[in-house]
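Work through these exercises with the structure open beside you. Try each task before you read its solution.

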Amino acid sequence: MENSTHTVIEFARELHTCDINDKSITESTVRVIWAYHHEDVGEAGPKYHESNRGTKSLRLLNPEKTNVLSTAVPYFDLVNQDVPIPNKGTTYWCQMFKIPVLQEKHHVIKVEPVIQQGHESLVHHILLYQCSSGFSDSVLDHGHECYHPNMPDAFLTCETVIFAWAIGGEGFSYPPHVGLSLGTPLDPHYVLLEVHYDNPTYKEGLIDNSGLRLFYTADIRKYDAGVIEAGLWVSLFHTIPPGLPDFRSEGHCTLECLEEALEAEKPSGIHVFAVLLHAHLAGRGIRLRHFRKGEEMRLLAYDDDFDFNFQEFQYLKEEQTILPGDNLITECRYNTKDRARMTWGGLSTRNEMCLSYLLYYPRINLTRCASIPDIMEQLQFIGVKEIYRPVTTWPFIIKSPKQYKNLSFMDAMNKFKWTKKEGLAFNKLVLSLPVNVRCSKTDNAEWSIQGMTALPPDIERPYQAEPLVCGASSTSLHGNACLELLLSFVVLGGALSPRSVCP
């Protein structure tokens with residue numbers, strides 16, 4: 001159909017055609033390309049599109065949660081005010097806010113990003129943390145660069161993620177039976193908004209006013225939502241050698257952590273309804289794997305074609321239950337073929353992360369369930385024998401052998417001659433190493449398993465996905481094997497004739 005401003009084209013195709021020239025459509029990110037001429041196709045065929053072309057990353061099978069809110073639904077904004085962005089590649093900016101005082105329990109039912117126009121590529125991601133409630137409003141006076149030695153002490157109490165947004169994502173609506181609780185003693189009174197600014201060209205004079213908008217209601221829902229950050233603890237001990245087309249890292253939410261936290265809080269388990277997968281520029285694919293008693297369950301979420309510039313929550317088609325004794329692995333694939341030096345875990349977009357944010361209910365007292373592999377065995381791989389102890393510098397300094405003497409462990413890893421063969425052997429080692437467990441509570445306390453070491457799980461029965469059937473799919477939409485798409489775009493002068501295509 002078409003009107004004076006838009007042309008809409010509907011077309012369909014099989015999800016899995018088994019044609020070698022076709023790409024199967026899965027729950028991973030798909031890059032769609034488009035091109036058009038503003039005049040209708042004539043007898044001579046279509047005309048050259050010139051500059052009317054582009055590309056967009058989409059997750060075609062991510063089920064949309066249509067949640068048209070009444071204009072009367074109240075909301076409040078947590079938005080930065082005139083933040084000066086330094087002329088450097090990466091800046092994390094933190095600002096504390098006070099949640100509006102509510103006399104009774106309410107639920108947040110939708111969160112939208114508020115991104116200043118023109119800053120869509122500058123604002124890389126936003127995290128919202130719950131802070132200690134024992135403050136006065138004096139902590140709200142000014143923002144500050146996060147993770148800085150002079151950062152206000154109040155910021156250090158803000159450890160619990162209650163919402164996450166990343167570049168390319170849109171608004172998030174909670175399912176009808178779940179909401180983010182506000183207004184009770186357990187709920188946030190103060191929150192910290194952490195905005196990651198990515199400024200790779202070191203542009204000067206940027207001023208930003210971006211943040212989040214939260215819609216809320218007094219018509220409370222059955223369950224309170226929680227967030228668990230799982231994966232690899234962000235650390236220099238997350239190491240990725242250069243020159244490798246496919247390096248795999250794993251972050252473990254261990255059996256020991258989930259056993260202790262769930263047995264104490266919710267022995268019957270928690271229910272995951274959405275997941276945000278997060279990595280940086282070298283990331284190529286992320287999977288959130290789920291294990292129970294040695295058997296691998298269906299993947300909680302995955303994206304085998306990860307796009308750094310398109311990150312949003314994936315709604316699960318069916319809620320998945322996590323029980324005491326289960327364990328989760330966030331598995332990330334990286335490509336470092338174009339890099340000559342080591343890639344380290346860290347905050348910059350040129351560093352790497354491997355994280356998954358699980359939205360679930362009912363809320364329990366567990367905010368982080370992550371791990372980091374032992375560093376000394378990684379260093380032994382390149383021939384390091386001894387470091388200076390006690391450790392008084394960061395990064396710490398190597399004592400022997402001679403070729404690494406007085407180098408930091410980072411310099412030593414970069415000095416090592418990495419080949420593809422050495423990289424593959426190193427990857428195999430890292431995936432087998434004992435991991436240091438991170439198991440944190442909401443109130444900045446820790447479960448007793450925190451800081452202990454655990455071994456990666458023995459996977460007796462890996463998950464076997466059902467084989468793809470050509471021309472049919474159990475994941476198809478609308479009850480058939482065709483994916484139906486609607487494309488809508490503004491037509492600048494002239495109009496396209498309506499077409500219908502179902503190959």
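**Exercise 1: A covered strand**

Task: find which residues of strand 27 cover its two faces, buried or exposed.

Solution. Take one face at a time. L355, Y357, L359 and Y361 lie on one side of strand 27, and all are buried. S356, L358 and Y360 lie on the other side, and they are buried too. Strand 27 spans residues 355-361, and seven of its seven residues are buried. Here buried means under 20% relative accessible area, exposed over 50%, and partly exposed in between (1.4 Å probe, protein chains only). A strand is a DSSP run of E with at least two residues; a helix is a run of H or I with at least four; both are numbered from the N terminus.

Before going on, note that this is a predicted model: local features need pLDDT of at least 70, side-chain atom pairs count only at pLDDT 80 or more, and totals for chains, interfaces and linings use all residues. Residues are numbered from 1 along each chain as its sequence is written, and side-chain values use heavy atoms, with hydrogens and water left out.

**Exercise 2: Partners of strand 27**

Task: state how many bridges join strand 17 to strand 27, and how many join strand 20 to strand 27.

Solution. Start with strand 17, residues 226-232. Six bridges link it to strand 27, and the two run antiparallel. G226 faces Y360 across this pairing. Next comes strand 20, residues 270-278. Seven bridges tie it to strand 27, again antiparallel. Here A274 stands opposite L359. Two strands count as paired if DSSP finds at least two bridges between them.

**Exercise 3: An open sheet**

Task: give the strand order of the five-stranded open sheet and name its edges.

Solution. The order is 9-6-13-8-10, with antiparallel pairing. Strand 9 (144-145) and strand 10 (160-166) are the edges; each has a single partner strand, so one side of each lacks a neighbour in the sheet. Now look inside. Strand 6 (residues 90-98) and strand 13 (residues 190-198) share nine bridges. Q95 stands opposite L193 in strand 13.

**Exercise 4: One residue in strand 6**

Task: is T91 buried or exposed, and what does T91 touch?

Solution. First locate T91: it is in strand 6. Its relative accessible area is 1%, so T91 is buried. Then list its contacts (heavy atoms within 4.5 Å). Leaving out residues up to four places away in sequence, T91 touches P86, E145, V195, H196 and Y197.
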